[in-house]
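User: I should like to go through the assignments in this model and hear the grounds for each. Please set the values against the criteria as you answer.

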Amino acid sequence: MSDNDTHQQPASQIRRRFLQAAGVAGLVLGKSASAQTTPPDHLAPRPSPQPIRPLPEGRRPFGYAIVGLGKYAINQILPAFGECQHARLAGLVSGDPQKARKVASAYGVPEKNIYSYDNFDDIRNNPEIDAVYIILPNALHADFAVRAFRAGKHVMCEKPMATSVGDCQRMIDAARRASKQLMIGYRCHFDPITQRAIQTIRAGKLGKLRAVTTENTDVLSIDDPSGQWRVKRSLSGGGSLMDLGIYGVNGARYLLNEEPIEVSAIRAESTNPVFHEVEDIISWTFRYRSGALAHGNSSFTAAATSRFGIQAEKLSGMLNPATGYYNNRFETVAGEETHILSDPMFQIPALNQFSAQLDHLPDVLGSGKPSLATGEEGMQDIRLIQAIYQSAATRRPVSTDWGDWRRKA
Ligand code: NAD
């Protein structure tokens, strides 16, 4: 298992949350929903999630070809097309023709829209495919993205965007040359609970944020092919930080709405030969100009956690689980009072984060609204991850005072 698979909850826990939500959170939420608020000064504007418009009459849905039919593609992305409003599955790209044919027949993809990694470039001649969605091992993202842009397609690319800043830049440049959109698969930006947490923070309800702490762990099985490439540096670009800790890096940036000016990190020594090439446990601290700090931890040998603690002047907040596929939870804590803001059945309409992410790219293209997950966003995470690795290797803080990350590179 990786990337914190679903967080299913027992019925007793759901019932307990039902009572908590009905008794406490409903009241609090009622208030927050009606309040007109202005973001505090220290928070720079950043695009906020907006509802997706229905597909205009007569417009055909946006066709994606999925590149790589591994665990994440098969278990999460392909089924999510069923709930999309704008997007549809139009093609498959795989190194395994038998698997591709089986998946194609299950999802009604015509044989002519199946490609191999070798004839992938022929996709340029297929008008049913508007974009490719790259769900391959990390080091393969950049080359496939560049090939897709050359073929005149938009690109959705899984996180981490690439294994080097140079490759991220190559992808951004190729998108610009082709005048096509590049989006990174930061699904949490489309998770309704995360969106509610961001809205609550941006509305100033917690007060000024002072610190964020985050943990992202999971036990990696190398008996599973998904685990094998994750511990090969040439394919993964790094260990738990590239795979799981990236949620903490991106999440700290998103929650604080500020870029760190200095990074310090430490990596644990592992005697386990599995972690010969990449790190198992790594911890990092970001220092911000506002005086805030963020601290993160990731590991491949600790049981699954995905948490954000948010310490702020008025209230503290907790996202736990934070990055699950479903059933994430956000609560604010003041003294002994806990307000749960996340019970989906009461306060937040059910929304499948995967379908919302797939719909976002055509929605951005059709409406001109800003993308929530640009290539620049993905590249900044890789820059910071490289700074974390550098600090861990040199045992010294690394300056990351690079100016506005949204600038055109
Ligand atoms: P996986 O190992 O299950 O699938 C990888 C696919 O790539 C397989 O179909 C494999 O055959 C193919 N492949 C092509 N060339 C390969 C090569 N040289 N070596 C190994 N495999 C090769 O991996 P996954 O868990 O599906 O992850 C794929 C990507 O998706 C990664 O970038 C990962 O970070 C990302 N991911 C994201 C999330 C998320 O929640 N956003 C979750 C899981 C994975």
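Analyst: In this predicted model, Gly317 stands opposite Thr332 in S13, and Met318 stands opposite Glu331 in that strand.

User: What makes strand S12 and strand S13 a pair?

Analyst: Two strands pair if DSSP finds at least two bridges between them. Strand S12 (residues 316-319) and strand S13 (residues 330-334) are joined over 4 bridges, in the antiparallel sense. The criterion is therefore met.

User: How do you know that S13 also pairs with S14?

Analyst: The two strands run antiparallel and are joined by 4 bridges, and at least two are required. Val333 stands opposite Thr338 in S14. S13 and S14 form a hairpin with 2 residues between them, and Gly335 in the turn has a positive phi of about 60°.

User: Why is strand S14 called an edge strand?

Analyst: The open sheet has 9 strands in the order S14-S13-S12-S11-S7-S10-S9-S8-S15, with mixed pairing. Strand S14 (337-340) and strand S15 (398-399) each pair on one side only, so they are the edge strands.

User: What makes helix H9 a helix that packs on the sheet?

Analyst: Contact means heavy atoms within 4.5 Å. Helix H9 (residues 240-256) touches strand S7 (209-217), strand S9 (282-287), strand S10 (293-299), strand S11 (305-312) and S12. The direction of H9 makes about 160° with that of S7. Helix H11 (residues 375-394), in turn, lies across strand S8 (262-267), S9 and S15, running at about 55° to S8.

User: How do you know that Trp229 has a polar contact with the ligand?

Analyst: The cut-off for a pair of N or O atoms is 3.5 Å. A polar side-chain atom of Trp229 lies 2.8 Å from an oxygen atom of the ligand, so the pair qualifies. From the backbone, an N or O atom of Lys159 lies 2.8 Å from a ligand oxygen atom, and one of Leu136 lies 3.1 Å from a ligand oxygen atom; both values fall within the cut-off. Taken alone, the ligand exposes 840 Å², of which the protein buries 81%.

User: Which residues come nearest to the ligand, and what classes make up the shell around it?

Analyst: Of the 24 residues around the ligand, Lys71, Asn138, Arg187, Ser226 and Trp229 come nearest. The shell has 12 nonpolar, 5 polar and 7 charged residues. Helix H2 (71-80), helix H7 (225-230) and H9 each supply at least two residues of the shell; H7 gives the most, with 3 residues.

Conventions. Residues numbered from 1 in each chain as written. Predicted model: local features only at pLDDT ≥ 70, side-chain atom pairs only at ≥ 80, totals over all residues. Heavy atoms only, no water. Axes fitted to C-alpha atoms, helices over the stretch in contact; angles between N-to-C directions. Near = heavy atom within 4 Å. Polar contact = N/O pair within 3.5 Å; in protein donor to acceptor, adjacent residues only side chain to side chain. Areas by Shrake-Rupley, 256 points an atom, 1.4 Å probe, with all protein chains shown as cover. Nonpolar A, V, L, I, M, F, W, Y, C, P; charged D, E, K, R; others polar.
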